[in-house]
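The exercises below ask the reader to work from the sequence and the model to statements about burial, contacts and charge pairing. Each task is followed by a solution that goes step by step.

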Amino acid sequence: MTSTGDTAPTGRRRFGVLRQRDFRLLWLGETASGLGTSITGVALPLIAVVVLRVDTFAVGLLAAVVWLPWLVIGLPAGAWVDRLRKRPVLVAGNLVSAAMYASVPVAAWLGALTFAHLLAVAIVCGVATVFFSTAYHAYVPAVLDGRDLLEGNARLQGSEAATGVIGRGAAGLVADAFGAVSGLLIDAVTFVVSTACLLSLRVREPVPAAPARGDTLRRQIGAGLRFVMHDRYLRPMVMYGALVNLALMGYQGIQIVFLVRTVGANAATVGGLIMAGSLGGIAGALIATAVGRRFGTARGMLILQLVTGPFALLLPLTTPGPGLLLFAVGSFTVGAGIVACNIVLGGFRQSYCPPHLLGRVVATTMMLNHSTIPIGSLLGGFLGDLLGLRPTMWIMAGLLAPCSLILALSPMRSRRDLPGASEPRPSATVQGSQTK
């Protein structure tokens, strides 16, 4: 039943999209699995170090293989997802991840756990994540209409940031109380909870249209690539995301070593300073919707990025004592700006792209953005050894600070709001697999 008059707006202001049953279930499921995933982010390398006693290179390899599936199957995964209904893909991804993560504590209890087993779990779950993430971003518009996408993405990103803070803290407590492998068992349970929420949704997706005769997987992948690279809005967004990830991972890969060896911070202080960035992400999720409505999605996003990006320059200025606040303020502000931007860009992509191309567009943008993550980590470590930690922090912060100029020089600088699905796409009109 649809309300009229003042009742609906009052209800929407009070509870927003959480008043919608299907979105509430989607949000609860993702919050549960996000909590488990953040625990695993700490538990998996902890198992490698504490239980299997592997060397530093092996731990780095374990972290790297998680991103490998994006580079190998990211593009074909988008084409496959566009051919399928999204919810079965989401359920399958959850169940595969649950089974793989549960296999680690079982193997440990049987005395059969090996590092090769951990690598296999990381790779298989990485593949499941590629399909899940691609299908998930394409599924949200089936649950929410266009006017609610900004708020819905803010809710989802906010819970992701919050569970990141809580999960990383809980991982250590779980490891101390029950052993490192127990964290993966918790993650497996959260994937089951997420699956139950997905199966309870009432929304019914339309069956995707069958590919046209001769429309091969290669052509469909090409259509997604061309749409992103020829579109005057998506292209600068991808360039911005890739460069930001390169700079972020460049300094995040060495920030703990920088804080300990150069600044002289103890472990507890380092944990608090790293947490500041996660808390900034929560703040960014809380303000994204309000900024978008007050200033417009395009103008508000540009203002946030132009204001928050230069705060990265506070990081290399960090010194002992009161100077530690520089790192906390810089991390908090940069985290807030990036998460708010992700929310706006995610909602824009979902409402702007043709539904039959959305999976490929999501996979293309995420693959290109994620491709710079391992490069940034390696570059930060290389420069840290070559030039020193503080000079490397300056290089990476100096690269991150002006990234917003990519967006400021794009066509969105002249708009209040980013275009929606109903507006013409000046350079990316799509028919079948062709773009202009």
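Buried means under 20% relative accessible area, exposed means over 50%, and partly exposed is in between, with a 1.4 Å probe and protein chains only as cover. This is a predicted model, in which local features need pLDDT of at least 70 and side-chain atom pairs count only at pLDDT 80 or more, whereas totals for chains, interfaces and linings use all residues. Residues are numbered from 1 along each chain as its sequence is written, and side-chain values use heavy atoms, with hydrogens and water left out.

**Exercise 1. Assess the confidence of the model and describe the overall make-up of the chain.**

Step 1. Begin with pLDDT, the predictor's confidence in each residue, from 0 to 100. The chain averages 83, and 89% of the residues score at least 70.

Step 2. Locate the extremes among the secondary-structure elements, which are DSSP runs numbered from the N terminus (helices: H or I, at least four residues; strands: E, at least two). Confidence is highest in helix H17 (residues 389-400), at a mean of 94, and lowest in strand S2 (residues 434-435), at 34. Over residues 1-12 the pLDDT is below 50, and this stretch has seven contacts (heavy atoms within 4.5 Å) beyond near neighbours in sequence. Residues 426-436 also have pLDDT below 50, with 24 contacts beyond near neighbours in sequence.

Step 3. Turn to the totals. The chain has 18 helices and two strands, and 51% of its 436 residues count as buried. Among contacts with a separation of 6 or more, 85% join residues 24 or more positions apart. The accessible surface, from the Shrake-Rupley method with a 1.4 Å probe and, for residues, only the protein chains shown as cover, comes to about 19,700 Å², of which 66% belongs to carbon and sulfur atoms.

**Exercise 2. Classify Leu-387 and place this residue in its surroundings.**

Step 1. Leu-387 is found in helix H16. Its relative accessibility is 44%, and therefore Leu-387 counts as partly exposed.

Step 2. Consider patches, which are made of residues with over 30% relative accessible area and no salt bridge, like charges being joined within 9 Å and nonpolar side chains (Val, Leu, Ile, Met, Phe, Trp, Tyr) within 5 Å. Leu-387 belongs to a nonpolar surface patch with Leu-379, Phe-382, Leu-386 and Ile-395, and together these residues have about 470 Å² of accessible area. Helix H16 (residues 372-387) contributes the largest share, four residues.

**Exercise 3. Check the length of helix H14 and decide how far this helix is enclosed.**

Step 1. The expected span of a helix is 1.5 Å times one less than its number of residues. For the 29 residues of H14 (residues 324-352) this gives 42 Å, and the end C-alpha atoms are 42 Å apart, which agrees.

Step 2. Of the 29 residues of H14, 23 are buried, so the helix is largely enclosed by the rest of the structure.

Step 3. Compare the loop between helix H13 (297-308) and H14, where Leu-313 lies. Leu-313 is partly exposed because its relative accessible area is 31%. Leaving aside neighbours within four places in sequence, Leu-313 is in contact with Trp-394, Ala-397, Gly-398 and Ala-401.

**Exercise 4. Examine the salt bridges and the burial of their partners.**

Step 1. A salt bridge is a side-chain nitrogen of Lys or Arg within 4 Å of a carboxyl oxygen of Asp or Glu, and the structure holds five of them.

Step 2. Arg-360 pairs with Asp-82, the closest N and O atoms being 2.7 Å apart. The pair links distant parts of the chain, since Arg-360 lies in helix H15 (residues 358-370) and Asp-82 in helix H4 (residues 68-83), 278 residues apart. Both Arg-360 and Asp-82 are buried.

Step 3. Arg-21 forms a salt bridge with Asp-22, with 3.3 Å between the closest N and O atoms. Arg-21 is partly exposed, at a relative accessible area of 29%, whereas Asp-22 counts as buried at 15%.

Step 4. The side chains of Arg-416 and Asp-417 meet at 3.0 Å, N to O; Arg-416 is partly exposed at 35% relative accessible area, and Asp-417 is likewise partly exposed at 31%.

Step 5. Finally, Glu-151, Arg-155 and Arg-293 are linked in a network of salt bridges.
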